[in-house]
Amino acid sequence: MKLHDERRDYERAQLRRSVLNDDPFKQFESWFAAAKEAAVLPDPTAFTLATVNAQGQPHQRIVLMKDLDANGFVFYTNYASQKGHDLAANNKASMHFSWLPLEQQVRIEGQVEKVDRAVSEAYFHSRPRTSQLGALASQQSETIGSRTELEQVYHDLTERYEGKTIPMPESWGGYRVCPDYFEFWQGGRFRLHDRFIYQRDAAGNWTIERLQP
């Protein structure tokens, strides 16, 4: 399959050091707000999460950012899932936001920690009941014979908890990615893309450098 005719140039914007915020979290918030306002992305909170298991095998999947504060980026999942097993063996991860209609990408790397159970409980019970039941029904990443079998478990749980509080599964909760590295990428003409990285030094301060494309 030849795709050389699919090439296009990137001419939407330029990224210069003078416009970057010294705080990478604030820089991310600025780009994220613009991505939401542009309304050209189906879900700007979606990002690729890359983890590595104990054998060194990398895994990737799309998850949704559910919170962001000065400590990091939060997402929720089943701790017994593949990503959960990976993070138990190696608590380093990489995030990648792809906002290609804006010709922008953000890569973030750091260590991952579990959020407090009380925080996970509060988020779990803020979700629609259908989502709560889905989390309870699925033994994420485990094999199952058919979709019919999975849906039957869901319907059984729906009946069991009708009019009742749905318990959060013991193996379900949040993770926080605590970054020590950010890269902001802006597509540029002639494939001379603008790339800036933020790295945390030993004193906890952020240094900013431009990378060649």
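A salt bridge, as the term is used in these legends, is a side-chain nitrogen of Lys or Arg lying within 4 Å of a carboxyl oxygen of Asp or Glu. By this criterion, a search of the whole structure finds 11 salt bridges. The structure is a predicted model, in which local features need pLDDT of at least 70 and side-chain atom pairs count only at pLDDT 80 or more, while totals for chains, interfaces and linings use all residues. Residues are numbered from 1 along each chain as its sequence is written, and side-chain values use heavy atoms, with hydrogens and water left out.

**View 1. A salt bridge joins Arg-16 to Asp-194.** The closest N and O atoms of this pair are 3.2 Å apart. Arg-16 lies in the segment before helix α1 and Asp-194 in strand β8, so the salt bridge ties together parts that are 178 residues apart in sequence. Helices (H or I, at least four residues) and strands (E, at least two) are DSSP runs, numbered from the N terminus. Asp-194 is buried, with a relative accessible area of 7%, whereas Arg-16 is partly exposed at 36%. Here buried means under 20% relative accessible area, exposed means over 50%, and partly exposed is in between, computed with a 1.4 Å probe and protein chains only.

**View 2. Arg-117 and Glu-121 form a salt bridge within helix α3.** The closest N and O atoms are 3.6 Å apart, and the two residues stand four residues apart, about one turn of the helix. Glu-121 is partly exposed, with a relative accessible area of 26%, and Arg-117 also counts as partly exposed, at 35%.

**View 3. Salt bridges that share partners join Arg-107, Glu-109, Glu-183 and Arg-195 into one network.** Within this network, the side chains of Arg-107 and Glu-109 meet at 2.5 Å, N to O. Arg-107 is partly exposed at 27% relative accessibility, and Glu-109 is partly exposed with a relative accessible area of 27%.

**View 4. Helix α3 (residues 117–124) has the buried residues Ser-120, Tyr-123 and Phe-124.** Seen down the axis of α3, these buried residues fall within an arc of 100 degrees, so they line one face of the helix; the arc is that of the directions from the helix axis to the C-beta atoms. The face turned away from the buried side carries the exposed residues Ala-118 and Ala-122. What covers the buried residues of α3 includes β4 (72–78), α4 (129–137) and β7 (172–186).

**View 5. In the largest nonpolar core, of 32 residues, Phe-28, Phe-73, Phe-97 and Trp-99 touch the most other members.** A nonpolar core is a set of buried Ala, Val, Leu, Ile, Met, Phe, Trp, Tyr and Cys residues joined through side-chain atoms within 4.5 Å. Helix α1 (24–38) and several strands, including β5 (92–99) and β6 (104–114), each supply at least two residues of this core, and α1 gives the most, with five residues. Leaving aside its neighbours within four places in sequence, Trp-99 is in contact (heavy atoms within 4.5 Å) with residues including Phe-28, Trp-31, Leu-41 and Val-106. Apart from this core lies another, of 14 residues, among them Tyr-76, Tyr-123, Ala-135 and Leu-157.

**View 6. Two of the aromatic pairs are shown, from a structure that holds 23.** Rings of Phe, Tyr and Trp (its six-membered ring) pair if their centres lie within 6.5 Å, and planes under 30 degrees apart count as stacked, over 60 as edge-to-face and the rest as tilted. The rings of Trp-31 and Phe-184 have their centres 5.3 Å apart and their planes at 85 degrees, so this pair is edge-to-face. The pair links distant parts of the chain, with Trp-31 in helix α1 and Phe-184 in strand β7, 153 residues apart, and both residues are buried. Tyr-76 and Tyr-123 form a stacked pair, 4.1 Å centre to centre with 15 degrees between the planes. Tyr-76 lies in strand β4 and Tyr-123 in helix α3, so the pair ties together parts that are 47 residues apart in sequence. Tyr-76 is buried, with a relative accessible area of 16%, and Tyr-123 is buried as well, at 19%.
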